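Q: Could you take a close look at one part of this model for me? I'd like the packing of one helix pair, cut-offs included.

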Amino acid sequence: MSAPAFTRPSAEVGSPEWRAALFGQAIAYSAHLTGPICPYVLGSHLRSILGLPEEECGGEILDATVMLIRAGLFTINTVEPGTGAFWFSGDTKLTPTRLLTGYVYGEPGEPAEEDDLP
C-alpha cells in the first residue's frame, strides 16, 4: 500500500497552511505502517515531495516529526525513560502508535496513558 499522492504546498514555507500540509503528509506517509520508520527516510520522502533542499525545509520537517512524537502519534526508541527526553541518531526508529494505526485501520483504541508517552 502506498501513500496517497501529494502536491507541493503553494503557501510560503513555514506558514500555517504549509506546516499543516507537511504534518498531514508525514502522517499519510507513515500511519498505515505497523513497523518502525527511519526518521531520515521520512525526512527524505518529505523533502522529495516539497522539492526543496534540506537547508530550506529540514528544520520544519524536524519540528513536524517532534510534534508527531510529542502528540503521541509516534513512539521513538531513543528516549530516556526517566525524563522522556529523546534524541535522533543512526539507530533511531519511529513507530506509529496503536492509537494512530487503529484509527487508520478502523479500530480506534484508547489513548495512551501519560506514563506511556515519551
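In which hand of crossing does α2 pass α3?

A: The crossing of α2 past α3 is right-handed, meaning the near helix is turned clockwise from the far one by less than a right angle, whereas anticlockwise would be left-handed. Bear in mind that this is a predicted model, where local features need pLDDT of at least 70, side-chain atom pairs count only at pLDDT 80 or more, and totals for chains, interfaces and linings use all residues. Residues are numbered from 1 along each chain as its sequence is written, and side-chain values use heavy atoms, with hydrogens and water left out.

Helix α2 covers residues 39–50 and helix α3 residues 54–70 (helices are DSSP runs of H or I, at least four residues, numbered from the N terminus). Their axes come within 10 Å and cross at roughly 130°; these are lines fitted to C-alpha atoms over the stretch in contact, with angles from 0 to 180 degrees between N-to-C directions. α2 and α3 are therefore oblique to each other (under 35 degrees is roughly parallel, over 145 roughly antiparallel, 65 to 115 roughly perpendicular, the rest oblique).

On the α2 side, L42, G43, L46, R47 and L50 meet E54, C57, I61 and T65 of α3, with contact meaning heavy atoms within 4.5 Å. By class, that's five nonpolar, two polar and two charged residues (Ala, Val, Leu, Ile, Met, Phe, Trp, Tyr, Cys and Pro are nonpolar, Asp, Glu, Lys and Arg charged, the others, Gly among them, polar).

Technical notes:
Helix = DSSP H or I, 4+ residues; strand = E, 2+ residues; numbered from the N terminus.
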